[in-house]
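Hi everyone, thanks for coming. Let me put today's structure up on the screen, and then we'll walk through a few of its strands together.

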Amino acid sequence: MTLDQDNLRARFCHALSEMYKAEVPLYGDLVDLVWQADAEALQTSQQQHGNTTTTTTINPDEILPARNRVERHGAIRLGTTRELSTIRRLFAVMGMSPVGYYDLSVAGLPMHATAFRPRTREALARQPFRVFTTVLRMELLSERTRALAERALAQRDIFTPRLLELLDLSEQKGTLSCDECEEFITEGLETFRWHSRATVTLEEYRVLKAEHSLVADIVSFPSCHINHLTPRTIDIDLVQRMMRESGMPAKERIEGPPRRVNPILLRQTSFKALEETVYFRDGGGEYVRGSHTARFGEVEQRGYALTRKGRQLYDQILARVNRDAAGSEPAEYERILRKCFEEFPDDLEQLQAEKLAFFCYRVTPHASKGDYQGVKSVSLAQLLKDKVLDYEPITYEDFLPLSARGIFNSNLANMSQSKQLIMEADTDLDGFQRMLGAPVLDEFCLYEQIQQESLESCRQQLGVESID
């Protein structure tokens, strides 16, 4: 029997979402709000195109791809090599690989990260669960904080003994039984569960928080609790407005590129982190009441995956935006953002012709396939011109470090004492991969592979030797 990783991933993601709803009820409200926003956006779109005159509420689940409603991205923060390498093993059971390396020191955060997610187009279509996973860079902490963090992290184990046995079983057998899959979900959830009792004293917590709020969040608790679980929407501007109208404490602006006809990469917003009661040990070993702020509700709208050329243009424009809009109010930032991004083409044909985005190609239904039998090579441009091939953009499945900074910063109580030192640090992909125990996959190569596989399928259907 072969383990159905897509099914296991779907069940695990659903169970995690139900647990997080119980822990953070406002997250459940946010999921409902996203459904309402998608329904309203679809209704408006259909009315604008003259496709409906009814006032009946549209059910987005009946119109949008199945993945949109179940799609979630979680975020966790780890502290040690063992935690990172074991998390890799946990996600591997569900068909999730480490994709992309994110050096968060450029955003003033003493961490680096990867995203665990499915790799293939088919697996992503079935269940695109992904988890943005950061780990502390101990060398970027002050000596006092580093010693405290290492001592506290050495005393915890975020994995249950049974989960570790199941990981060994899965790796030895290459599969898990139905009962073992049930156990895997139950035991795995414990790794991500919230605990209101800290593992450090109140004084130690204050030391960690003075260094950086995220350091305190990583080190002070017995699990790597989920700090947000993000649903996907088709209209994040509408969600932002509805969040404010419903009284949710929405952040001031949406992170990422501006609103476009052809959306690119990733746009994110959130309701701000909740202040939650936490109990810390005092000097006498008794628990005293305190508070901690870390968990929040994020929403995302996913656009098209950009090629290296497209991403370079995006990064150049964004750098200019951040320079010109430094210190600006949200409204002025938005104006500068929209103005600068007029330079980035917002036409699908132009994005394809200039190779700024990745696409999946398909043979059109009316194409005369016999016309190309025996032809050695034909250009992609000619096939598109002759309407033999059509294309659709590939969805961006990954993350943007500077957007993460915007989300994190809006949910932090203070900034790092050593932010400048962190931002001047060198990137450390090799060190991260050593901690991970495996290489990180290049997201651009994965998108390129999906694009090339679609072209290869077209080539075989048309019977040509090559499509240039």
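Before we start, one definition: we say that two strands pair if DSSP finds at least two bridges between them. Please also keep in mind that this is a predicted model.

So let's look at a first pair. β2 and strand β3, which covers residues 111-117, run antiparallel to each other and are joined over 5 bridges. If you'd like a spot to click on, find Val99: across from it, in β3, stands Ala115.

Now zoom out a little. In what order do the strands of this open sheet come? The order is β2-β3-β4-β1-β6, so 5 strands with mixed pairing. At the edges you'll find β2 (97-103) and β6 (228-231); each has a single partner strand, and therefore one side of each has no neighbour in the sheet. On average, neighbouring strands here are turned by 20° against each other, ignoring direction. Helix α1, residues 5-23, packs on this sheet and touches β1 (72-78) and β6. The direction of α1 makes about 115° with that of β6.

Let's move on to another pair. Strand β7, residues 266-271, pairs with β10 in the antiparallel sense, over 6 bridges. Here you can look for Phe271, whose bridge partner in β10 is Gly297.

And is β10 itself buried or exposed? This strand, residues 297-302, is mostly covered, with 6 of its 6 residues buried. Both faces are covered: Gly297, Val299 and Gln301 are buried on one side, and Glu298, Glu300 and Arg302 are buried on the other.

That's my tour, thanks for listening!

Methods: Residues are numbered from 1 along each chain as its sequence is written. This is a predicted model: local features need pLDDT of at least 70, side-chain atom pairs count only at pLDDT 80 or more; totals for chains, interfaces and linings use all residues. Side-chain values use heavy atoms; hydrogens and water are left out. Buried means under 20% relative accessible area, exposed over 50%, partly exposed in between (1.4 Å probe, protein chains only). Helices (H or I, at least four residues) and strands (E, at least two) are DSSP runs, numbered from the N terminus. Axes are lines fitted to C-alpha atoms, for helices over the stretch in contact, and angles run from 0 to 180 degrees between N-to-C directions. Contact means heavy atoms within 4.5 Å.
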